[in-house]
Amino acid sequence: MIQRPNRTEAGLPSDFLWGFATASYQIEGAPTADGRLPSTWDTFANTPGKVSDGTNGDVACDSYNRTAEDIALLKSLGAKAYRFSIAWPRIIPLGGRNDPVSQAGIDHYVKFVDDLIAADITPVVTLFHWDLPDALDKRYGGLLNKDEFVPDFLRYARVMFEALKGKVPYWITFNEPFCSSGLGYGIGKHAPGRTSDRSVNPVGDSSTEPWLAGHSILCAHGAAVQLYRSEYKPQHGGEIGITLNGDYGYPWDPSNPRDVEAVERKLEFAISWFADPIYHGQYPDSMRKQLGDRLPTFTDAEIKSIKGSNDFYGMNHYCSHFIKSLEPAPASKDDIEGNLECHFFDINNNPVGEETQSPWLRPNAPGFRHLLNWLSNRYNHPKILVTEFGTSIKNENDLKYPEILDDEFRCEYFRTYIRAMSEAVAQDGVNVFGALCWSLMDNFEWSEGYETRFGVCYVDYEGGQKRYPKKSAQETRELFEQYIGKV
Ligand code: GBH
């Protein structure tokens, strides 16, 4: 990397937006309040065997009933921004474009946003963080049915754009479509849990459904952005984008060209699946080559709405892996990763990072800087909002209060990751304008239930959901402040 002159070693712009992130099903609880009906995640979590500790989001952090408390908490931590998601089944409980809206559900989020603004906290609003109204899944197959899903999502988006117009500077259409598609319809680990793996689910076809689901999401994203730009942005301002997950990869054997190539393919299958249509107007070559006609094609109108549809790039990033190519063996038809394996150890048995509670996560801060550069180069230096980064801690859940508040491992994660990001900004010229730590508080960690904690605040699930800031909650403010204004 070339060191540019007249720049500090590490820094963030003076108007840098930092704060914390959550998602509706992971924190809200109150599953029937204000007319809410089940999402696919309620149904999935209530299916025995799907969530490792047998829990669900019925109570979670009870945030639907504690908005004032959450805002006070954010304020006390110095947050400038808060990323949360709206539960579609609270807005249109049955989900569809001709189904009734719940005014009480809408009012709840309008008040929440008003209260955030009154507290001087910038709302970053996600429309879809995986909690699809279950009725739509039952009615027509949810994400698999593009012709029904797109107009239904568009109607939901319109209701929220209208309700919150002029109040939300950053809208995110979808969170991590890779997960909704690949884990929901390929691996079967997320709702609705469809897969070809008959030991997991009697229904599903991993060879086609992930690609159909992803295609529907891209089309719905494009349509929603088009709507926002034509009917809301001119008068009310605000920016809109999508949030993609992406972890970085190093070759398992750097001297093997196949592994070196596989790194690129890994990033393309995980990230470019969605980012290439948005920035370049087509799916990546590597995917078209491996998937052939299982990868859907866009109509002219669809790709016109999708290409150029990100005002900013929403980046979720947690960790890195070593990538081992499976070539020259042909890809399995159910493969969603690009015919490769992800490892925690390289050919010489060097670990990528230390173990955490999450079976997929080992921290590696340099990977964050590498990936910021990779994105910036491939997509022509987009404005990037880091919409999630953070870590769980091995066995954290075994600790009791107050020992559990001493989360040094998480502090070190944020120290090294915020440093890496600040170097990417100051030395490499990557355009990052904000970063939200995952998560404000411990919450329902999907198929891992409550066993895995990601919060900078401890939530006492047995003692009435009270929140207690951990050491990392106090430290993040100092960390960001140390770099802000230094470029
Ligand atoms: C994010 O996903 C989510 O947006 C957030 O809701 C979540 O709580 C947070 O991270 C922490 O997990 O099932 O073994 O194949 C993070 C990215 C990508 C992590 C897919 C889990 C699945 C591995 N996720 N990955 S596996």
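Let's start with helix α8 and the second largest cavity: α8 gives the most to the lining there, with four residues. One thing to keep in mind from the outset is that we are looking at a predicted model.

So what does this cavity look like? The second largest cavity holds about 100 Å³ of space. Its lining has 13 residues, and those nearest the centre are T40, W130, L143, A191 and P192. Besides α8, the helix α2 also gives two or more residues to the lining of the second largest cavity. How many charged residues does that lining have? It has no charged ones; the split is nine nonpolar and four polar.

Let's stay with α8, and move to the largest pocket. Here, too, α8 is worth following: its four residues are the largest share of the lining of the largest pocket. About 1000 Å³ of space lies in this pocket. The lining is made of 37 residues, and F178, C179, L183, H190 and W360 are the closest to the centre. Which elements give two or more residues to this lining? They are α8, running from 177 to 187, and α10, running from 257 to 280. If you sort the lining of the largest pocket by class, you get 17 nonpolar, eleven polar and nine charged residues.

Now, where is the ligand? It sits in that largest pocket. There are 17 residues around the ligand, and the ones that come nearest are Q26, E176, E388, E445 and W446. By class, this shell around the ligand divides into eight nonpolar, five polar and four charged residues.

If you have the structure open, find these polar pairs with me. In the side chain of E176, an N or O atom is 2.8 Å from an oxygen atom of the ligand. For W446, too, the distance from a side-chain N or O atom to a ligand oxygen is 2.8 Å. Then look at K189, where a polar side-chain atom lies 3.1 Å from an oxygen atom of the ligand. And how much of the ligand's accessible area does the protein cover? On its own the ligand has 580 Å², and the protein covers 85% of that.

Next, the second largest pocket. About 240 Å³ of space lies in it. Its lining has 15 residues, with T43, D137, P192, R194 and N201 lying nearest the centre. You have already met P192, as one of the residues nearest the centre of the second largest cavity. Two helices, α2 at 40-45 and α6 at 134-140, each supply at least two residues of the lining of the second largest pocket. By class, that lining has five nonpolar, five polar and five charged residues.

Back to the cavities for a moment. How many of 30 Å³ or more are there? The count comes to three. The largest cavity has about 110 Å³ of space. I27, E28, S63, F84 and F112 lie nearest its centre, out of 15 lining residues. The elements that give two or more residues to the lining of the largest cavity are the helices α1 (24-27), α3 (67-76) and α5 (103-118), along with the strand β2 (81-85). The lining of the largest cavity divides into seven nonpolar, six polar and two charged residues.

Let me finish with some backbone details. As background, most peptide bonds are trans, and most residues other than glycine have a negative phi. With that in mind, let's look at a few places in the loops.

Is the peptide bond from E327 to P328 cis or trans? It is cis, with omega near 10°. You will find P328 in the loop between β8 (320-325) and β9 (340-343). Another cis bond runs from Y401 to P402, with omega near 5°. P402 is in the loop between β10 (384-388) and α14 (408-428).

And what about phi? At A60 it is near 50°, a positive value in a residue other than glycine. To find A60, look in the loop between α2 and α3. You have met both of those helices today: α2 gives residues to the lining of the second largest pocket, and α3 gives residues to the lining of the largest cavity.

Methods:
Residues are numbered from 1 along each chain as its sequence is written. This is a predicted model: local features need pLDDT of at least 70, side-chain atom pairs count only at pLDDT 80 or more; totals for chains, interfaces and linings use all residues. Side-chain values use heavy atoms; hydrogens and water are left out. A residue is near a molecule or strand if one of its heavy atoms lies within 4 Å of it. A polar contact is a pair of N or O atoms within 3.5 Å; within protein, one must be able to donate a hydrogen and the other to accept it, and residues adjacent in sequence count only if both atoms are side-chain atoms. Accessible areas come from the Shrake-Rupley method with a 1.4 Å probe; for residues, only the protein chains shown count as cover. On a 1 Å grid over the protein atoms alone, a cavity is a set of points where a 1.4 Å probe fits but cannot get out, and a pocket is an open set with protein on both sides within 12 Å along at least five of seven lines; lining residues have an atom within 4 Å of a point. A molecule sits in a cavity or pocket if more than half of its atoms lie within 2 Å of its grid points. Ala, Val, Leu, Ile, Met, Phe, Trp, Tyr, Cys and Pro count as nonpolar, Asp, Glu, Lys and Arg as charged, and the others, Gly among them, as polar. Grid points are joined across faces, edges and corners, and a volume is the space filled by probe spheres set on the points.
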